[in-house]
Amino acid sequence: MYKAVVLGAAGGIGQPLALLLKSNPLVKELALFDIVNTPGVAADLSHIATPAKVSGYLPPDDGLKKALTGADIVVIPAGVPRKPGMTRDDLFKINAGIVRDLATGIATAAPKAAVLVISNPVNSTVPIVAEVLKKHGVFDAKKCVVIKRPTLLWLFFDFFPKRLFGVTTLDVVRASTFVSEVLGDLSLASSVTIPVVGGHSGVTIVPLFSQSSHPLPAGFSPSDLQALTTRVQFGGDEVVKAKDGAGSATLSMAYAGAEFAGKVLRALNGEKGIISPSFVHLSCDKAGGDSLKKVIGKELDFFSVPVELGPEGVAKLHSLGNLTEFEQSLIQAALPDLESNIEKGVSFIESPKL
Ligand SMILES: NC(=O)C1=CN([C@@H]2O[C@H](COP(=O)(O)OP(=O)(O)OC[C@H]3O[C@@H](n4cnc5c(N)ncnc54)[C@H](O)[C@@H]3O)[C@@H](O)[C@H]2O)C=CC1
Ligand SMILES: O=C([O-])CC(=O)C(=O)O
(Lines give C-alpha, C1' and ligand atoms only; values in the text may rest on other atoms or scores of the structure.)
(Ligands and ions follow the chains in the order given, each with its own letter.)
Protein backbone atom coordinates (compact mmCIF):
# COMPACT_ATOMS: atom_id res chain seq x y z
CA MET A 1 0.00 0.00 0.00
CA TYR A 2 1.40 3.32 -1.09
CA LYS A 3 1.29 7.06 -0.58
CA ALA A 4 0.22 8.97 -3.70
CA VAL A 5 0.53 12.73 -4.08
CA VAL A 6 -1.16 14.99 -6.64
CA LEU A 7 0.43 18.41 -7.26
CA GLY A 8 -2.14 20.69 -8.89
CA ALA A 9 -4.91 18.66 -7.26
CA ALA A 10 -7.62 21.32 -7.34
CA GLY A 11 -7.54 21.73 -11.12
CA GLY A 12 -9.53 20.35 -14.02
CA ILE A 13 -7.34 17.23 -14.21
CA GLY A 14 -6.28 17.19 -10.56
CA GLN A 15 -9.75 16.70 -9.06
CA PRO A 16 -10.98 13.75 -11.15
CA LEU A 17 -7.48 12.23 -11.01
CA ALA A 18 -7.56 12.46 -7.22
CA LEU A 19 -11.01 10.84 -7.27
CA LEU A 20 -9.70 7.91 -9.33
CA LEU A 21 -6.62 7.52 -7.12
CA LYS A 22 -8.86 7.54 -4.04
CA SER A 23 -10.58 4.52 -5.62
CA ASN A 24 -7.31 2.65 -6.23
CA PRO A 25 -6.95 -0.14 -3.64
CA LEU A 26 -3.14 0.17 -3.68
CA VAL A 27 -3.33 3.74 -2.38
CA LYS A 28 -3.38 3.93 1.41
CA GLU A 29 -2.66 7.64 1.65
CA LEU A 30 -3.54 10.41 -0.80
CA ALA A 31 -2.05 13.88 -0.33
CA LEU A 32 -3.36 16.78 -2.40
CA PHE A 33 -1.37 19.96 -2.99
CA ASP A 34 -2.38 23.07 -4.92
CA ILE A 35 -2.10 26.84 -4.49
CA VAL A 36 -5.90 26.92 -3.89
CA ASN A 37 -8.87 24.84 -2.68
CA THR A 38 -7.20 21.58 -1.60
CA PRO A 39 -8.77 21.54 1.91
CA GLY A 40 -12.21 21.44 0.28
CA VAL A 41 -11.30 18.85 -2.34
CA ALA A 42 -9.69 16.68 0.35
CA ALA A 43 -12.70 16.97 2.69
CA ASP A 44 -15.03 16.01 -0.15
CA LEU A 45 -12.97 12.98 -1.24
CA SER A 46 -12.42 11.86 2.36
CA HIS A 47 -16.12 10.87 2.62
CA ILE A 48 -15.71 8.19 -0.08
CA ALA A 49 -15.78 4.69 1.37
CA THR A 50 -12.37 3.48 0.18
CA PRO A 51 -9.25 2.86 2.33
CA ALA A 52 -7.09 5.83 1.24
CA LYS A 53 -6.66 8.52 3.90
CA VAL A 54 -6.93 11.92 2.20
CA SER A 55 -5.28 15.19 3.23
CA GLY A 56 -5.10 18.59 1.53
CA TYR A 57 -2.25 21.09 1.65
CA LEU A 58 -1.67 24.69 0.56
CA PRO A 59 1.69 26.51 0.24
CA PRO A 60 1.75 28.14 3.74
CA ASP A 61 3.27 26.20 6.65
CA ASP A 62 5.49 24.06 4.42
CA GLY A 63 2.43 22.52 2.72
CA LEU A 64 4.38 21.18 -0.26
CA LYS A 65 6.93 19.48 1.98
CA LYS A 66 4.23 17.98 4.19
CA ALA A 67 2.30 16.67 1.19
CA LEU A 68 5.40 15.11 -0.35
CA THR A 69 7.02 13.54 2.69
CA GLY A 70 6.84 9.75 2.46
CA ALA A 71 5.48 9.77 -1.11
CA ASP A 72 5.87 6.67 -3.26
CA ILE A 73 4.33 8.24 -6.34
CA VAL A 74 3.84 11.91 -7.27
CA VAL A 75 1.62 12.95 -10.17
CA ILE A 76 1.95 16.52 -11.49
CA PRO A 77 -0.97 18.10 -13.36
CA ALA A 78 -0.15 21.64 -12.09
CA GLY A 79 -0.03 24.54 -14.51
CA VAL A 80 -2.04 26.37 -17.13
CA PRO A 81 -3.86 24.61 -19.98
CA ARG A 82 -4.14 25.74 -23.62
CA LYS A 83 -6.72 28.00 -25.19
CA PRO A 84 -7.65 27.84 -28.89
CA GLY A 85 -4.80 29.03 -31.11
CA MET A 86 -2.06 28.10 -28.63
CA THR A 87 0.53 25.35 -28.98
CA ARG A 88 1.68 23.34 -25.97
CA ASP A 89 5.02 25.13 -26.29
CA ASP A 90 3.21 28.43 -25.65
CA LEU A 91 2.58 27.12 -22.10
CA PHE A 92 6.31 26.88 -21.39
CA LYS A 93 6.59 30.48 -20.17
CA ILE A 94 4.31 29.84 -17.17
CA ASN A 95 4.52 26.09 -16.63
CA ALA A 96 8.32 25.75 -16.73
CA GLY A 97 8.71 27.75 -13.51
CA ILE A 98 5.80 25.96 -11.80
CA VAL A 99 7.22 22.54 -12.63
CA ARG A 100 10.75 23.59 -11.61
CA ASP A 101 9.56 24.70 -8.19
CA LEU A 102 7.52 21.54 -7.61
CA ALA A 103 10.47 19.40 -8.74
CA THR A 104 12.66 21.20 -6.20
CA GLY A 105 10.17 20.18 -3.52
CA ILE A 106 10.30 16.57 -4.72
CA ALA A 107 14.13 16.57 -4.79
CA THR A 108 14.24 17.61 -1.15
CA ALA A 109 11.17 15.90 0.36
CA ALA A 110 10.54 12.80 -1.80
CA PRO A 111 13.68 11.95 -3.76
CA LYS A 112 12.81 8.27 -4.06
CA ALA A 113 9.29 8.72 -5.38
CA ALA A 114 8.17 7.81 -8.88
CA VAL A 115 7.36 11.13 -10.59
CA LEU A 116 4.69 11.28 -13.30
CA VAL A 117 4.64 14.57 -15.22
CA ILE A 118 1.39 15.62 -16.91
CA SER A 119 1.98 19.41 -17.10
CA ASN A 120 2.61 20.64 -20.63
CA PRO A 121 4.71 20.94 -22.64
CA VAL A 122 5.66 17.41 -21.53
CA ASN A 123 8.56 17.29 -24.03
CA SER A 124 10.16 20.15 -22.04
CA THR A 125 8.76 19.77 -18.51
CA VAL A 126 10.15 16.24 -18.11
CA PRO A 127 13.71 17.43 -18.94
CA ILE A 128 13.16 20.30 -16.45
CA VAL A 129 12.35 17.82 -13.67
CA ALA A 130 15.36 15.69 -14.63
CA GLU A 131 17.70 18.69 -14.48
CA VAL A 132 16.35 19.81 -11.09
CA LEU A 133 16.74 16.29 -9.67
CA LYS A 134 20.28 16.11 -11.09
CA LYS A 135 21.15 19.46 -9.52
CA HIS A 136 20.11 18.03 -6.16
CA GLY A 137 22.05 14.80 -6.78
CA VAL A 138 18.91 12.67 -6.57
CA PHE A 139 18.15 11.72 -10.16
CA ASP A 140 17.03 8.36 -8.83
CA ALA A 141 19.63 6.03 -7.32
CA LYS A 142 22.88 7.88 -7.76
CA LYS A 143 25.97 5.78 -7.97
CA CYS A 144 29.17 7.54 -7.11
CA VAL A 145 32.48 5.90 -7.99
CA VAL A 146 35.57 7.55 -6.57
CA ILE A 147 38.94 6.72 -8.09
CA LYS A 148 41.97 8.13 -6.34
CA ARG A 149 45.24 8.70 -8.17
CA PRO A 150 48.30 10.13 -6.43
CA THR A 151 47.62 13.66 -7.60
CA LEU A 152 44.08 13.50 -8.83
CA LEU A 153 40.70 12.72 -7.37
CA TRP A 154 38.31 11.62 -10.07
CA LEU A 155 34.63 11.54 -9.43
CA PHE A 156 32.24 9.73 -11.73
CA PHE A 157 28.55 10.17 -11.31
CA ASP A 158 26.20 7.70 -12.90
CA PHE A 159 22.55 8.56 -12.90
CA PHE A 160 19.85 5.97 -13.23
CA PRO A 161 16.72 7.90 -13.92
CA LYS A 162 14.32 5.03 -13.57
CA ARG A 163 11.53 6.83 -11.77
CA LEU A 164 10.79 9.85 -13.96
CA PHE A 165 7.92 9.47 -16.43
CA GLY A 166 6.31 11.86 -18.87
CA VAL A 167 2.66 10.83 -19.07
CA THR A 168 1.77 10.15 -22.73
CA THR A 169 -1.01 7.69 -21.91
CA LEU A 170 -3.73 9.95 -23.28
CA ASP A 171 -2.23 9.48 -26.76
CA VAL A 172 -2.39 5.71 -26.25
CA VAL A 173 -5.98 5.92 -24.97
CA ARG A 174 -6.98 8.06 -27.97
CA ALA A 175 -5.35 5.67 -30.43
CA SER A 176 -7.25 2.73 -28.89
CA THR A 177 -10.55 4.60 -28.93
CA PHE A 178 -10.20 5.88 -32.49
CA VAL A 179 -9.26 2.42 -33.80
CA SER A 180 -12.28 0.88 -32.08
CA GLU A 181 -14.40 3.57 -33.78
CA VAL A 182 -12.89 2.63 -37.15
CA LEU A 183 -13.66 -1.02 -36.40
CA GLY A 184 -17.21 0.02 -35.57
CA ASP A 185 -17.18 -1.45 -32.07
CA LEU A 186 -16.48 0.84 -29.11
CA SER A 187 -16.65 -2.14 -26.76
CA LEU A 188 -13.21 -3.08 -28.15
CA ALA A 189 -11.65 0.23 -27.02
CA SER A 190 -10.27 -1.00 -23.71
CA SER A 191 -8.68 -4.08 -25.26
CA VAL A 192 -7.13 -2.44 -28.34
CA THR A 193 -3.44 -1.71 -27.70
CA ILE A 194 -1.30 0.47 -29.93
CA PRO A 195 2.19 1.71 -29.05
CA VAL A 196 2.41 5.50 -29.36
CA VAL A 197 6.01 6.71 -29.29
CA GLY A 198 8.10 9.89 -29.69
CA GLY A 199 6.81 12.77 -27.59
CA HIS A 200 3.61 14.54 -26.58
CA SER A 201 2.80 17.36 -29.01
CA GLY A 202 1.67 17.46 -32.62
CA VAL A 203 4.00 15.66 -35.01
CA THR A 204 6.14 14.33 -32.15
CA ILE A 205 3.24 11.96 -31.31
CA VAL A 206 3.83 8.82 -33.40
CA PRO A 207 1.18 6.06 -33.27
CA LEU A 208 2.42 2.71 -34.59
CA PHE A 209 -0.82 1.36 -36.05
CA SER A 210 1.02 -1.48 -37.81
CA GLN A 211 1.48 -2.95 -34.31
CA SER A 212 -2.15 -2.62 -33.28
CA SER A 213 -3.48 -5.62 -31.37
CA HIS A 214 -6.54 -5.29 -33.64
CA PRO A 215 -5.55 -4.77 -37.30
CA LEU A 216 -7.18 -1.97 -39.27
CA PRO A 217 -9.83 -3.16 -41.73
CA ALA A 218 -8.85 -4.47 -45.16
CA GLY A 219 -9.23 -1.60 -47.60
CA PHE A 220 -8.02 1.01 -45.09
CA SER A 221 -6.17 3.28 -47.53
CA PRO A 222 -2.92 5.24 -47.04
CA SER A 223 -4.96 8.45 -46.85
CA ASP A 224 -7.23 6.88 -44.20
CA LEU A 225 -4.08 5.95 -42.27
CA GLN A 226 -2.73 9.48 -42.60
CA ALA A 227 -6.05 10.91 -41.35
CA LEU A 228 -6.15 8.53 -38.37
CA THR A 229 -2.54 9.37 -37.51
CA THR A 230 -3.27 13.11 -37.69
CA ARG A 231 -6.32 12.64 -35.46
CA VAL A 232 -4.17 11.06 -32.73
CA GLN A 233 -1.41 13.67 -33.17
CA PHE A 234 -3.90 16.54 -32.86
CA GLY A 235 -6.49 14.91 -30.58
CA GLY A 236 -5.67 17.51 -27.92
CA ASP A 237 -6.59 20.32 -30.34
CA GLU A 238 -9.96 18.67 -30.99
CA VAL A 239 -10.79 19.04 -27.27
CA VAL A 240 -9.30 22.55 -26.94
CA LYS A 241 -11.46 23.70 -29.87
CA ALA A 242 -14.62 22.07 -28.50
CA LYS A 243 -14.07 23.57 -25.02
CA ASP A 244 -13.80 26.96 -26.76
CA GLY A 245 -11.59 28.80 -24.28
CA ALA A 246 -12.49 26.75 -21.17
CA GLY A 247 -9.28 24.70 -21.23
CA SER A 248 -8.11 21.39 -22.64
CA ALA A 249 -8.68 17.69 -21.97
CA THR A 250 -9.28 17.10 -18.26
CA LEU A 251 -11.54 14.05 -17.81
CA SER A 252 -9.89 11.85 -20.44
CA MET A 253 -6.51 12.98 -19.06
CA ALA A 254 -7.53 12.09 -15.51
CA TYR A 255 -8.62 8.65 -16.78
CA ALA A 256 -5.31 8.21 -18.65
CA GLY A 257 -3.23 9.54 -15.73
CA ALA A 258 -4.96 7.23 -13.26
CA GLU A 259 -4.47 4.30 -15.63
CA PHE A 260 -0.74 4.96 -15.91
CA ALA A 261 -0.33 5.69 -12.18
CA GLY A 262 -2.21 2.44 -11.49
CA LYS A 263 0.26 0.51 -13.65
CA VAL A 264 3.26 2.12 -11.92
CA LEU A 265 1.76 1.22 -8.53
CA ARG A 266 1.08 -2.38 -9.55
CA ALA A 267 4.68 -2.71 -10.75
CA LEU A 268 6.02 -1.14 -7.52
CA ASN A 269 3.92 -3.77 -5.76
CA GLY A 270 5.75 -6.58 -7.58
CA GLU A 271 3.45 -7.34 -10.51
CA LYS A 272 5.51 -8.30 -13.56
CA GLY A 273 5.14 -7.83 -17.31
CA ILE A 274 3.35 -4.45 -17.28
CA ILE A 275 4.28 -2.44 -20.38
CA SER A 276 3.14 1.07 -21.23
CA PRO A 277 4.63 3.82 -23.39
CA SER A 278 6.09 6.77 -21.49
CA PHE A 279 8.44 9.70 -22.19
CA VAL A 280 11.57 8.70 -20.28
CA HIS A 281 15.30 9.44 -20.06
CA LEU A 282 16.98 6.93 -22.34
CA SER A 283 19.82 6.21 -19.95
CA CYS A 284 17.35 4.54 -17.57
CA ASP A 285 18.05 1.34 -19.54
CA LYS A 286 21.36 1.89 -21.29
CA ALA A 287 21.15 -1.07 -23.67
CA GLY A 288 17.54 -0.31 -24.60
CA GLY A 289 18.26 3.42 -24.92
CA ASP A 290 21.34 2.89 -27.10
CA SER A 291 19.54 0.57 -29.50
CA LEU A 292 16.64 3.03 -29.74
CA LYS A 293 19.07 5.83 -30.63
CA LYS A 294 20.42 3.65 -33.45
CA VAL A 295 16.92 3.09 -34.80
CA ILE A 296 16.00 6.77 -34.73
CA GLY A 297 19.49 7.85 -35.83
CA LYS A 298 19.77 10.65 -33.29
CA GLU A 299 21.38 11.24 -29.89
CA LEU A 300 18.29 12.29 -27.95
CA ASP A 301 18.12 11.97 -24.16
CA PHE A 302 14.34 11.55 -23.97
CA PHE A 303 11.83 9.63 -26.07
CA SER A 304 8.51 7.97 -25.44
CA VAL A 305 8.96 4.20 -25.79
CA PRO A 306 7.13 1.12 -24.56
CA VAL A 307 8.44 0.84 -21.01
CA GLU A 308 8.34 -2.33 -18.98
CA LEU A 309 7.61 -1.27 -15.41
CA GLY A 310 9.15 -2.81 -12.32
CA PRO A 311 9.61 -2.29 -8.59
CA GLU A 312 12.23 0.42 -9.23
CA GLY A 313 10.24 2.24 -11.91
CA VAL A 314 11.60 1.47 -15.38
CA ALA A 315 12.62 -2.19 -15.64
CA LYS A 316 13.37 -2.20 -19.36
CA LEU A 317 12.88 -0.16 -22.52
CA HIS A 318 11.33 -2.20 -25.31
CA SER A 319 12.28 -1.72 -28.94
CA LEU A 320 10.05 0.10 -31.38
CA GLY A 321 9.49 -3.18 -33.24
CA ASN A 322 9.22 -3.46 -37.01
CA LEU A 323 8.38 -0.04 -38.39
CA THR A 324 6.70 0.54 -41.74
CA GLU A 325 8.21 3.12 -44.10
CA PHE A 326 5.36 5.47 -43.17
CA GLU A 327 6.12 5.09 -39.44
CA GLN A 328 9.82 5.65 -40.04
CA SER A 329 8.99 8.88 -41.85
CA LEU A 330 6.77 9.98 -38.93
CA ILE A 331 9.64 9.39 -36.51
CA GLN A 332 12.05 11.38 -38.65
CA ALA A 333 9.50 14.21 -38.82
CA ALA A 334 9.23 14.18 -35.00
CA LEU A 335 12.94 14.54 -34.28
CA PRO A 336 13.56 18.28 -34.91
CA ASP A 337 10.72 19.41 -32.59
CA LEU A 338 11.61 16.82 -29.97
CA GLU A 339 15.24 17.89 -29.96
CA SER A 340 14.45 21.58 -29.58
CA ASN A 341 11.73 20.97 -26.93
CA ILE A 342 14.15 18.88 -24.85
CA GLU A 343 16.94 21.42 -25.22
CA LYS A 344 14.59 24.23 -24.16
CA GLY A 345 13.74 22.39 -20.92
CA VAL A 346 17.36 21.55 -20.14
CA SER A 347 18.63 25.07 -20.75
CA PHE A 348 15.85 26.57 -18.61
CA ILE A 349 17.48 24.97 -15.59
CA GLU A 350 21.05 25.45 -16.78
CA SER A 351 20.49 29.17 -17.42
CA PRO A 352 16.96 30.16 -16.44
CA LYS A 353 16.17 33.21 -18.55
CA LEU A 354 12.73 33.70 -20.02
N1 LIG B 1 0.16 15.14 -20.60
C2 LIG B 1 -1.02 15.23 -21.16
O3 LIG B 1 -1.41 14.36 -21.95
C4 LIG B 1 -1.93 16.36 -20.83
C5 LIG B 1 -1.47 17.45 -20.15
N6 LIG B 1 -2.28 18.49 -19.82
C7 LIG B 1 -1.71 19.62 -19.08
O8 LIG B 1 -2.03 19.51 -17.70
C9 LIG B 1 -1.93 20.81 -17.09
C10 LIG B 1 -3.12 21.08 -16.18
O11 LIG B 1 -4.30 21.14 -16.94
P12 LIG B 1 -5.74 21.45 -16.23
O13 LIG B 1 -5.88 20.59 -15.04
O14 LIG B 1 -6.73 21.42 -17.28
O15 LIG B 1 -5.50 22.96 -15.75
P16 LIG B 1 -6.28 23.73 -14.57
O17 LIG B 1 -5.98 25.17 -14.72
O18 LIG B 1 -7.70 23.31 -14.51
O19 LIG B 1 -5.58 23.17 -13.26
C20 LIG B 1 -4.24 23.43 -12.97
C21 LIG B 1 -4.08 23.49 -11.48
O22 LIG B 1 -2.72 23.76 -11.19
C23 LIG B 1 -2.70 24.61 -10.06
N24 LIG B 1 -1.41 25.27 -9.91
C25 LIG B 1 -0.93 26.35 -10.55
N26 LIG B 1 0.28 26.67 -10.08
C27 LIG B 1 0.59 25.74 -9.13
C28 LIG B 1 1.70 25.53 -8.29
N29 LIG B 1 2.76 26.34 -8.31
N30 LIG B 1 1.65 24.51 -7.42
C31 LIG B 1 0.59 23.67 -7.39
N32 LIG B 1 -0.50 23.83 -8.16
C33 LIG B 1 -0.49 24.86 -9.03
C34 LIG B 1 -3.85 25.58 -10.29
O35 LIG B 1 -4.22 26.23 -9.10
C36 LIG B 1 -4.90 24.64 -10.82
O37 LIG B 1 -5.71 24.12 -9.77
C38 LIG B 1 -1.80 21.79 -18.26
O39 LIG B 1 -0.46 22.18 -18.40
C40 LIG B 1 -2.25 20.97 -19.47
O41 LIG B 1 -1.70 21.44 -20.66
C42 LIG B 1 -3.61 18.46 -20.15
C43 LIG B 1 -4.13 17.38 -20.81
C44 LIG B 1 -3.32 16.26 -21.24
O1 LIG C 1 -3.95 19.52 -25.94
C2 LIG C 1 -3.61 19.95 -24.83
O3 LIG C 1 -3.16 21.09 -24.63
C4 LIG C 1 -3.71 19.02 -23.67
C5 LIG C 1 -3.05 17.76 -24.03
O6 LIG C 1 -1.86 17.62 -23.90
C7 LIG C 1 -3.84 16.73 -24.69
O8 LIG C 1 -5.09 16.78 -24.66
O9 LIG C 1 -3.23 15.82 -25.27
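**Tour: helix α7 and the domain contact**

Select Thr229, Val232 and Gln233 in α7: these residues are buried (20 or more other C-beta atoms within 10 Å of the residue's own, with C-beta atoms placed from the backbone). They lie on the same side of α7, because they cover an arc of only 100° around the axis, taken from the directions from the helix axis to the C-beta atoms.

This is a predicted model, in which local features need pLDDT of at least 70 and side-chain atom pairs count only at pLDDT 80 or more, while totals for chains, interfaces and linings use all residues. Residues are numbered from 1 along each chain as its sequence is written, and chains are lettered from A and ligands numbered from 1 in the order in which they are written.

Next, show all of α7, residues 222–233; helices are DSSP runs of H or I with at least four residues, strands runs of E with at least two, numbered from the N terminus. Its 12 residues reach 16 Å from first C-alpha to last, close to the expected 16 Å (1.5 Å times one less than the number of residues). On the face turned away from the buried side, pick Ser223 and Ala227, which are exposed (12 or fewer such C-beta atoms).

Now add the partners of the buried residues: α6 (169–182), β9 (196–198), β10 (205–207), α8 (235–243) and α11 (325–350). Contact means C-beta atoms within 7 Å.

Finally, colour domain 1 (2–166) and domain 2 (169–350), bounds that come from an automatic or database domain assignment. Their C-alpha centres are 21 Å apart. The contact takes 46 residues from domain 1 and 44 from domain 2. On the domain 1 side, select α5 (122–135), which gives the most, with 11 residues.

Technical notes. Contact = placed C-beta atoms within 7 Å.
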